[in-house]
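Trainee: I'm new to this structure and would love a close look at one part of it. Could you walk me through the sheet and the core that goes with it?

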Amino acid sequence: MASVSSQPQFRYTQPPSKVLHLRNLPWECTEEELIELGKPFGKVVNTKCNVGANRNQAFIEFADLNQAIAMISYYASSSEPAQVRGKTVYLQYSNRQEIVNNKTTADVAGNVLLVTIEGTDARLVSIDVLHLVFSAFGFVHKITTFEKTAGFQALVQFSDTETASSAKNALDGRSIPRYLLPENMGPCTLRITYSAHTDLSVKFQSHRSRDYTNPYLPVAPSAIDASGQLSVGLDGKKLEPESNVLLASIENMQYAVTLDVLHMVFSAFGPVQKIAMFDKNGGLQALIQYPDVQTAVVAKEALEGHCIYDGGFSLSTGEIFSFFYILQ
């Protein structure tokens, strides 16, 4: 049953605006939760989270004024209030007509890039495609994607300014390679500037945000199952969502592991489309992409916990595989 509060859920002191002000949110409510709340009423093009002294207020901006009016009107007449994590959310029109995030762009070089993807099908570009493109220039720490009035955008964080600058200089104005996109997608061009951010805040691994430095970060429920239901195994634990891309960690290394070695090992289970290797926290990791989820699942089940040189490559019994799926 919805909680009862003495404060009104709606305030009509402001004229209608496509920006809504939300109060009484859970502490540090995420952008994804705001988008999920507004999605039934229209396209959310911008958000501003964790506003106010208690970080329990936020703003959401719709693409069209009528969409914001629809959300206010619906909950004004509904017996069930708007809720996030079981808390009643109080809505009102904002006195602003758009959300302005002052830290979006910067005039000086930094380690975070603001990427605008241009093209008819730009919003269909997955976060994994962006990761493959930018990983060519160095280890990508984090990526977040979002939609604003400027279009479909992403923030890409590198470890240092030099690596970010190399990626910007090479990719700005260039199109994403066709072989990385589905056959029916049109061309997508990258427009890149520097962001004033230095460290992105990623609270969940999902189709909109990824932290490649922390594979143990919780997975957003909306990214697990299209129906919004969590998948649970026989042991009562949440099942890991499957993907055609594996993140492999090679532990207890005693001999050098090369791209050729990894390709030989993983090709035993099917055609390997791409491999990317990188060092993280003193350990070696690799991204291995197969053409389908089934092949990746077979490879993971066969190799996880096994020595890398088992089965005819008995050079060492030290290197052990462990895996995570990389969500699409």
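Mentor: Happy to; here is a walk through the sheet, the helices on it and the core residues. Keep in mind that this is a predicted model.

Let's start with the strands. Five of them form an open sheet in the order β11-β8-β10-β9-β12, and the pairing is antiparallel. β11 and β12 are the edge strands; each has a single partner, so one side of each has no neighbour in the sheet. On average, neighbouring strands here are turned by 20° against each other, direction ignored.

Now look at one pair, β8 and β11. Six bridges join these antiparallel strands. To find the pairing on screen, pick Leu 113, whose bridge partner in β11 is Tyr 194. As background, strands of a sheet pair through backbone hydrogen bonds, either parallel or antiparallel.

Next come the helices. α3 packs on the sheet and touches β8, β9, β10, β11 and β12, with its direction at about 135° to that of β9. α4 packs on the sheet as well, touching β8, β10 and β11, and its direction makes about 145° with that of β11.

That brings us to the core. In soluble globular proteins, nonpolar side chains tend to be buried together. Here the largest nonpolar core has 33 residues, and those with the most contacts inside it are Leu 113, Val 115, Ile 117, Val 125, Phe 134, Ile 176 and Leu 190. Elements giving two or more residues to this core include β8 (112-118), α3 (127-134), β9 (140-148), β10 (151-158), α4 (161-171) and β11 (189-194). The largest share, five residues, comes from α3.

For a single residue to zoom in on, try Ile 117. Beyond its neighbours within four places in sequence, Ile 117 is in contact with Ala 122, Val 125, Leu 130, Phe 152, Gln 153, Ala 154, Cys 188, Thr 189 and Leu 190.

One more strand deserves a stop: β13 (245-251) also gives two or more residues to this core. Six bridges join β13 to β15, and the two run antiparallel. Within that pair, Leu 246 has Ile 288 of β15 as its bridge partner. β15 (residues 283-289) is mostly covered, with six of its seven residues buried.

Note on methods. Residues are numbered from 1 along each chain as its sequence is written. This is a predicted model: local features need pLDDT of at least 70, side-chain atom pairs count only at pLDDT 80 or more; totals for chains, interfaces and linings use all residues. Side-chain values use heavy atoms; hydrogens and water are left out. A nonpolar core is a set of buried Ala, Val, Leu, Ile, Met, Phe, Trp, Tyr and Cys residues joined through side-chain atoms within 4.5 Å. Buried means under 20% relative accessible area, exposed over 50%, partly exposed in between (1.4 Å probe, protein chains only). Helices (H or I, at least four residues) and strands (E, at least two) are DSSP runs, numbered from the N terminus. Contact means heavy atoms within 4.5 Å. Two strands pair if DSSP finds at least two bridges between them. Axes are lines fitted to C-alpha atoms, for helices over the stretch in contact, and angles run from 0 to 180 degrees between N-to-C directions.
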